[in-house]
Amino acid sequence: MTKLLMNLRVRIYNKLKSLSLFKQTIGNFANGNYNLTFTNKGKCNAIAGEAACTDPIDLSNGNITIKILEPASQGLDYSATLLHEGIHASIYRYVDEYKKGLNPNKKENIFYWYNFYKAKNARDRGTAYAQHQHMQDAYVRPLAVSLRKLDNYRYPLEDYYGFAWEGLRVYKYEDYIDPKDNKTKTMTPEKYKDVIDKKNVISASSIFAENCK
Ligand SMILES: [Zn+2]
């Protein structure tokens, strides 16, 4: 079940519903015993400068809350934030289901990082690191594909990678699996600047949801 409690930009949210990434994450909460709630209240990690976060504090009762405290002013950036938090929510849920034996499908990359960081699937630092590391490996491309579709395919796919990388910037891990060739690469400050610059060009010129204030 999905509950929208915040004054979320519902028109943007509705436009995301056609994306396969949305269906696999936020949309999937329509099924099963987990509740996903959106709010613009509460706190995230102010030290890390987080404007949005996903709170699993009541996960044992099947409740996950996505907090979006400072909505981005631009529609594509806002969509990227929602999708990023939706991925967190779906990872929390997946690991919880797996541990309870409700989901037998073992996703190796997630558990590799969960073990590596001794993640508790709660609000611990290890979980934040493990989930973001998994996103670097598995979600840069799906996020780029989603944003490109919303933006009506104006630029090559790789130009949209920055929308995924921007949500990962507070984390220090440099290695990631390149979606182009499935090989491990290193994210350098130069590469990072390049992907963010490309993303900013797209954000500044996109007409997606420009009237969705
Ligand atoms: Zn995150």
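This report covers the nonpolar core, helix α4, two residues with positive phi and the pairing of strand β4. The model is predicted.

**Core**

The largest nonpolar core holds 42 residues. Leu143, Ala144, Leu147, Phe163 and Ala164 touch the most other members. Helix α3, residues 75–99, gives the most to this core, with ten residues. Ala144 shows what such contacts look like. Leaving out residues up to four places away in sequence, Ala144 touches Leu157, Tyr160, Tyr161, Phe163 and Ala164. Phe163 and Ala164 are thus partners of Ala144, and both are also among the residues that touch the most other core members.

**Helix α4**

Which residues of α4 are buried? They are Ile110, Trp113 and Tyr114. These residues cover an arc of only 105° around the axis, so they sit on the same side of α4. The buried residues of α4 pack against α3 and α5. α3 is also the helix that gives the most residues to the largest nonpolar core. The face of α4 turned away from the buried side carries Glu108, Asn115 and Phe116, which are exposed. Phe116 is thus an exposed residue on that face, while Trp113 and Tyr114 are buried.

**Positive phi**

α4 is followed by Lys118, with its positive phi. Lys118 lies in the loop between α4 (108–116) and α5 (125–138). Asn182 lies in the loop between β5 (175–177) and β6 (184–186). Neither residue is a glycine. The table sets out both.

| Residue | Phi | Other C-beta atoms within 10 Å |
|---|---|---|
| Lys118 | about 50° | 12 |
| Asn182 | about 65° | 8 |

Are Lys118 and Asn182 buried or exposed? Lys118 is exposed, because 12 other C-beta atoms lie within 10 Å and the limit for exposed is 12 or fewer. Asn182 is exposed as well, because its count is 8.

**Strand β4**

Strand β4 spans residues 63–68 and is mostly covered. Five of its six residues are buried. How does β4 pair with β2 and β3? Strand β2, residues 35–39, runs parallel to β4, and five bridges join the two. Thr39 stands opposite Lys67 in β4. Strand β3, residues 52–55, pairs with β4 in the antiparallel sense over four bridges. Here Ala52 stands opposite Ile68 in β4. β4 therefore has a parallel partner in β2 and an antiparallel partner in β3, because bridges join it to each of them.

Notes:
Residues numbered from 1 in each chain as written. Predicted model: local features only at pLDDT ≥ 70, side-chain atom pairs only at ≥ 80, totals over all residues. Core = buried A, V, L, I, M, F, W, Y, C linked by C-beta atoms within 7 Å. Buried ≥ 20, exposed ≤ 12 C-beta atoms within 10 Å, placed from the backbone. Contact = placed C-beta atoms within 7 Å. Arc of directions from axis to C-beta.
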